[in-house]
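Open the model in your viewer and keep the selection panel at hand. Each stop below says what to select and what is there.

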Amino acid sequence: MIFNLTEEQLAVQEAAREFAQKELLPGVIERDREMKYPRDQVRMMAELGFLGMMVDPAYGGGGMDSLSYVLAMEEISKVDASCSVIMSVNNSLVCWGLETYGTEEQKQQYLTKLAPGEWVGAFCLSEPEAGSDATSQRTTAVDMGDHYVLNGTKNWITNGGTSQVHLVIAQTHPEKGHRGINAFIVETSWPGVTIGAKEDKLGIRASDTHTIMYTDVKVPKANRIGEDGFGFKFAMKVLSGGRIGIAAQALGIGAGAYELALAYAQEREAFGKPISQHQAIAFKLADMATEVEAARLLVYRSAWLKDQGKDYDMASSMAKVFASEMAMKTATEAVQVHGGYGYVKEYHVERLMRDAKITQIYEGTSEIQRLVISRSILSGTPYVGVI
Ligand code: CAA
């Protein structure tokens, strides 16, 4: 078992760390407070190749492995989880979905703009009445011969107001249930696409989350992804990989909170010595470090399985549920270590605590991850472990 990262992976990690410290840290508190979309920072992420990391260079991507993507996500999430969710959706949901299941024409038309970050994409699955129960799609795509007509509402869409392309999941044949669902590439400039107000959220406040309405949107048949009825499987496959990205985001939030708590505990004195020298705090730091490391192993392993071409559905759910629960717990403990300072914005940990919460909700709640894991182990699917 080899735990060493390659030189290329170490270089990606270092580049992401430096970018996060130099370009994301200044202004992160203000962007969070004012819900200000990080337009300049997203442009810089595009220039650095962080928006289409795994895409074939032939389409303008970085041609990197999933582990490199996870390493970059972790470093960026330590500092600014609003930026990392923008990055995650474009990389693992939109670009990966198009590269894996799109036609050559779709890739030439869309992926070549999305991978270099010239355009940004959004993934539109959730609806007012279809969150965890994603098969209950009410958005309809009626087949009109050479095109579809799309009608419906999507909720909580990351990159909703700033994207040029949406991947929209919609029901074409209601009588077939989830086997009648399709996925479409929709340009946001098309008539009938309306962007609702930006959500005022607990965390990841600078990211751009909107309700989207589609009213009689004409979608060319060439913009359907895959065979007729492939849309639900498309969404599930895309989300399996997406969950690795969100697990890496959670890992970064937890690791960032731990690193801040460690530094603070070594500086802050109480009862005549640094608080890290008090067992009450030292043991908290020990637990935080152990749980961050355990999450890191699960997250890296799920990316490694994907890179090896092995099944990673259960592994990505395990990584996401564990890392997101670790992030929530570690960030809460980091606030506790900081005491009163932890409760004010200047020290960053309260933001990390608020940001951590969403990782237990989006791209499948912790409950849905446990559903996927339990179904997998109970179905007798051989456990794809390290050994
Ligand atoms: N790969 C391929 N196919 C899959 C699959 C996978 N990983 N998981 C399920 N499927 C297929 C099944 O084989 C089945 O197809 P067949 O009947 O043809 O065999 C079909 O999908 C339906 O599966 P189930 O019978 O298991 O459906 P279910 O309703 O019982 O459960 C679910 C499905 C796992 C709960 C699913 O609805 C789910 O993952 N829900 C959570 C949705 C989610 O993650 N939303 C996130 C929103 S996107 C987001 O947050 C992005 C953002 O902006 C940050």
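The tour of this predicted model goes from domains to core, then to helices and single residues.

**Domains**

Colour the chain by its domain assignment: residues 7-114 are domain 1, residues 121-231 are domain 2, and residues 233-378 are domain 3. Domain 2 and domain 3 have C-alpha centres that lie 30 Å apart. Each of these two domains supplies 13 residues to the contact between them.

**The nonpolar core**

Select M87, F123 and V186. These residues have the most contacts inside the largest nonpolar core, a set of 111 residues. Now add helix α7, residues 231-267, which gives this core its largest share, 18 residues. As background, nonpolar side chains tend to be buried together in soluble globular proteins.

Stay with M87 and show what surrounds the residue. Leaving out residues up to four places away in sequence, M87 touches M45, F50, L51, M53, Y69, A72, M73 and I76.

**Helices α4 and α5**

Select α4 (66-79) and α5 (81-101). How do α4 and α5 run relative to each other, roughly parallel or roughly antiparallel? The angle between them is about 155°, and their axes are 7 Å apart. An angle over 145 degrees counts as roughly antiparallel, so α4 and α5 are roughly antiparallel to each other.

Show the side chains where they meet. From α4, pick Y69, A72, M73, I76, S77 and V79; from α5, pick A81, C83, S84, M87, S88, N91 and S92. Sorted by class, this contact has eight nonpolar residues, five polar residues and no charged residues. M87, from the core stop, is one of the α5 residues here.

**Helix α10**

Next select α10, residues 349-359. Is this helix mostly covered or mostly open? Eight of its eleven residues are buried, so α10 is mostly covered under a cut-off of 20% relative accessible area. The buried ones are V349, E350, R351, L352, R354, D355, A356 and T359. To see what covers them, show α2 (28-34), α4, α5, α7 and α9 (313-338), which are among the covering elements.

**Three residues of helix α8**

Select helix α8, residues 279-307, and find R296 in it. R296 counts as buried because its relative accessibility is 16%, and the cut-off is 20%. Apart from residues up to four places away in sequence, R296 touches E74, L251 and A255.

Move along α8 to K306. With a relative accessible area of 15%, K306 is buried. Which residues does K306 touch, not counting those up to four places away in sequence? They are M54, S66, W96, G241, I244 and Y312. Then set a distance from K306 to L67: their C-alpha atoms are separated by 8.9 Å, although the two residues are 239 residues apart along the chain.

D307 also lies in α8. D307 has a relative accessible area of 32% and is therefore partly exposed. Beyond its neighbours within four places in sequence, D307 is in contact with D65, S66 and L67. S66 is thus a residue to keep on display, because K306 touches S66 and D307 is in contact with S66, with contact taken as heavy atoms within 4.5 Å. From D307 to W96 the C-alpha distance is 13 Å, across 211 residues of sequence.

**Two residues with positive phi**

Select W156 in strand β3, residues 147-158. W156 is not a glycine, yet its phi is positive, at about 55°. The relative accessibility of W156 is 48%, so this residue counts as partly exposed.

Finish at F271, in the loop between β9 (269-270) and β10 (273-274). Is F271 buried or exposed? F271 has a relative accessible area of 80% and is exposed. Its phi is near 55°, again a positive value in a residue other than glycine.

Notes. Residues numbered from 1 in each chain as written. Predicted model: local features only at pLDDT ≥ 70, side-chain atom pairs only at ≥ 80, totals over all residues. Heavy atoms only, no water. Core = buried A, V, L, I, M, F, W, Y, C linked by side-chain atoms within 4.5 Å. Buried < 20%, exposed > 50% of the residue type's maximum accessible area, 1.4 Å probe, protein only. Helix = DSSP H or I, 4+ residues; strand = E, 2+ residues; numbered from the N terminus. Axes fitted to C-alpha atoms, helices over the stretch in contact; angles between N-to-C directions. Parallel < 35°, antiparallel > 145°, perpendicular 65-115°, else oblique. Nonpolar A, V, L, I, M, F, W, Y, C, P; charged D, E, K, R; others polar. Domains from an automatic or database assignment.
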